[in-house]
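Here are a few notes to read alongside the model. They cover a strand and its partners, then the cysteines.

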Amino acid sequence: MRGSFVTVEGCEGSGKSTQIRLLSEKLAADGVDFLVTREPGGSDVAEQIRSIILDGKNSAMCDECEALLYAAARVQHLKEIVEPALEKGKLVICDRYVDSSLAYQGAARGLGYGYVETINAYALEKCPPDLTLFLNISPKAAFERKHGADKDDRIESLGLAFHEKVYKGYLGLLDKYPRICAVECGGSKWETNERIYLLLKEKGIIK
Ligand code: TYD
């Protein structure tokens, strides 16, 4: 049987990596056959595209080029890593996916959801997530928790106003795509993780 595909989304510093790590520990203890991967990247070719996109020296990159590179890395990663794992029946957990493009390039860069949906047709039609967890914490709260942004990262260093637009972009997706569940992150990381674990059970992703 085909496995389940779960994606994790949120603004910079929303705690995706920590939550994925804590969830992995629980899944391993439960004996679940799962794979954790990330975007942009997750395969050799896609990681090379990632380094071009995020390189602080590439300030000349236009918004369309950026969106197309994310989409290119995504299809490569899907075909090489995600789809074969799903076919083997694994639960695939991906740190960021197409909703990052909708929020960052579609909303914050201003290309629009429609443009981003068009160039990501493969991901949206052939491999839509079964569940998307949106870690719901505002960029201001996230940056305060993280003590500032990474200045060498072309996207992360864009400033609070940009990241507020990203956040609004995510909120705009909640009604449009019912597969996206907002996870409140107000409490401790353990509380957030318990919420995520219960959500996976509730949605029938794990037993
Ligand atoms: P990364 O260091 O993985 O950031 P994070 O730990 O916050 O996930 O870098 C990925 C960056 O790329 C991040 O700033 C979000 C951005 N991004 C997009 O703008 N569009 C996309 O489609 C994806 C997948 C990521």
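1. A quick definition before we start: two strands count as paired if DSSP finds at least two bridges between them. Keep in mind that this is a predicted model.

2. Take strand 1 (residues 5-9) and strand 3 (residues 91-95) to begin with: they run parallel and are joined by four bridges. If you want a spot to look at, Phe5 stands opposite Val92 in strand 3.

3. Strand 1 has another partner, strand 4 (residues 131-136), again parallel and again with four bridges. Here you can look for Val6, whose bridge partner in strand 4 is Leu131.

4. How buried is strand 1? Five of its five residues are buried, so the strand is largely enclosed by the rest of the structure. Phe5, Thr7 and Glu9 point one way, while Val6 and Val8 point the other way, and all of them are buried. That fits a general pattern: in a regular strand the side chains alternate between the two faces of the sheet.

5. Now the cysteines. How many disulfides does the structure hold? Zero. A pair would need its sulfur atoms within 2.5 Å. For Cys94, the closest cysteine sulfur belongs to Cys127 and lies 9.5 Å away, so it is too far for a bond. Cys94 is also buried, at 0% relative accessibility.

6. Cys185 tells a similar story: its closest cysteine sulfur is in Cys11, 10 Å off, which is too far for a bond. Cys185 counts as buried too, with a relative accessible area of 7%.

Note on methods. Residues are numbered from 1 along each chain as its sequence is written. This is a predicted model: local features need pLDDT of at least 70, side-chain atom pairs count only at pLDDT 80 or more; totals for chains, interfaces and linings use all residues. Side-chain values use heavy atoms; hydrogens and water are left out. Buried means under 20% relative accessible area, exposed over 50%, partly exposed in between (1.4 Å probe, protein chains only). Helices (H or I, at least four residues) and strands (E, at least two) are DSSP runs, numbered from the N terminus.
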